[in-house]
Amino acid sequence: MFRVGSLRVLFERSPGPLTGIVLAARTGSRFDGRKPGIAHLAEHMLFQGTRTLDHVAINQRAAELGGDHDASTSYEDLNVTFQVLNADAAGAIALLAEQIRGSIVPADRLENERQVVAQEIRGHREDAVSHLCDETWARFFDGGLRLSPSGTLASVRSITAAEVRRFLRRRLVGANMLMSIVGDPPPAEIARALRDGFGSLPRGLACRANGARVVRRGEVRLRRSGLTQLYLTTLFSVSTRRRELLALGLALEILGTDPDGRLYHEVREKRGLSYDLWADLPGGAGWAALTVGAVAERRAETKLRAAIDGVFREAAERGFASDEIARARRKVRYRYARLSEAKVDRAASHAAALLYGAPRLDEAEAIVRSLSREEIESAWRKALRGARLTGVLAAS
């Protein structure tokens, strides 16, 4: 890793015709404060006009470079990504610099993007699974983790162009940002593009994360008219220690919702209770959660809960078979290999490791290879002993 002015740059030479570039800023939605959704709205505005390019010209320039040009906002970070041919990497860096350093947040485009974000929020609410997961999540954690990165309708409507400009000026600074590059671009051209685009980037002040605290346990019941099915989800607060978290991920591969998972077999194949199952392990700096859920016929709640609890309890009591662990390791290794082949995904993993301590792909794979059965079983038992909140959404 090296610096260009105040910008940290990580460069990994990787053979092949493509270069993946991730410009990552540690200013995700958990730092939004009194304006939930401002990071997400600011991400949208990076594509809506700069001092020299309007929104049409930004899209045209990206198309000329022939690459995949995108952005995302999570609880932890705001990322702008570009994947291009090696020869176009310098041009991609120049466009990223223009977006980051030159964004002017035109008022008319802000109103347009405000409507787009509002539609995203409404669409999320109208989807029963998303609504249940969001509402249960909001009751489980406090602070910046309570709300979806998209924010609330009221907050998004209240955010002004001046506030977005101030956000970009204060948050997209060297203390919060780094660029991760994976590929085989011309080094001299890359160095020149970085100097020209980011050499004068101000250092600024780094964002500081508040702690992630569980504030509610037990159960929450939600009602909505017109539903013909029942929706169930449970959140577990789990360890953030890297090795324990990766061990829990392997346990979830065995117990989860893939066709070879115990939960899939019990709930869908054996009992026919649900066509829609989910299980995930989201996490960030100082927090992690196990989420699991299902959709069922509205009178089947007792059976569904008993099936899920039975699978989880049996795993805690009896553990995992050697062939299950071996199969889970192969599945995880395959996923890491796929991510490693995708230049942007690999660049993003490097950025997340440096910004907030997520494991790099190679580190995670090495840990997964070394985990013992005892560690995997212990991680699962510990997760079940932790704080949990179950959400149920049914017809009113």
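This briefing describes a sheet, a pocket, the cavities and the aromatic pairs of one protein structure. The model is predicted. Its open sheet contains 6 strands with mixed pairing, and its second largest pocket has a volume of about 260 Å³. The structure also holds 3 cavities of 30 Å³ or more and 8 aromatic pairs.

**The sheet as a whole**

- Strands of a sheet pair through backbone hydrogen bonds, in either a parallel or an antiparallel manner.
- Across this open sheet, the strands follow the order β1-β2-β6-β3-β5-β4.
- The edges are formed by β1 (2-4) and β4 (68-73), each of which pairs on one side only.
- From one strand to the next, the twist averages 20 degrees.
- Helix α1 (residues 38-45) lies across β4 and β5. The helix runs at about 165 degrees to β4.

**Pairings within the sheet**

- Strand β1 runs antiparallel to strand β2 (residues 7-13), and 3 bridges join the two. In this pairing, R3 stands opposite R8 in β2.
- The hairpin of β1 and β2 has 2 residues between the strands. In this hairpin, G5 takes a positive phi near 65 degrees.
- On pairing with strand β6 (residues 177-183), β2 adopts the parallel sense, over 6 bridges. Here E12 stands opposite V182 in β6.
- Strand β3 (residues 18-25) pairs with strand β5 (residues 78-85) in the antiparallel sense, over 8 bridges. Residue L23 stands opposite V80 in β5.

**The second largest pocket**

- This pocket has a volume of about 260 Å³.
- Its lining is made up of D32, K35, I38, E163, R166, F167, R170, R171, N176, L205 and C207.
- Helix α7 (residues 161-171) supplies the largest share of that lining, with 5 residues.
- By type, the lining residues of the second largest pocket comprise 6 charged, 4 nonpolar and 1 polar.

**The cavities**

- The count of cavities of 30 Å³ or more comes to 3.
- The largest cavity has a volume of about 50 Å³.
- The residues V238, S239, E244, L245, L248, A379, K382 and A383 line the largest cavity.
- Two elements, α9 (242-255) and α15 (373-385), give two or more residues to this lining.
- The lining of the largest cavity divides into 5 nonpolar, 2 charged and 1 polar residues.

**Aromatic pairs**

- A search of the whole structure finds 8 aromatic pairs.
- One of them joins Y75 and W137, whose ring centres are 6.0 Å apart. The pair counts as stacked because the ring planes meet at 15 degrees, and planes under 30 degrees apart are classed in that way.
- Which parts of the structure does the pair of Y75 and W137 tie together? Y75 lies in the loop between β4 and β5, whereas W137 lies in helix α5 (residues 128-140), so the pair ties together parts that are 62 residues apart in sequence.

Technical notes:
Residues numbered from 1 in each chain as written. Predicted model: local features only at pLDDT ≥ 70, side-chain atom pairs only at ≥ 80, totals over all residues. Heavy atoms only, no water. 1 Å grid on protein atoms, 1.4 Å probe; cavity = no way out; pocket = protein on both sides within 12 Å on 5 of 7 lines; lining within 4 Å. Points joined across faces, edges and corners; volume = space filled by probe spheres on them. Helix = DSSP H or I, 4+ residues; strand = E, 2+ residues; numbered from the N terminus. Nonpolar A, V, L, I, M, F, W, Y, C, P; charged D, E, K, R; others polar. Pairing = 2+ DSSP bridges. Axes fitted to C-alpha atoms, helices over the stretch in contact; angles between N-to-C directions. Contact = heavy atoms within 4.5 Å. Phe/Tyr/Trp six-rings, centres within 6.5 Å; stacked < 30°, edge-to-face > 60°.
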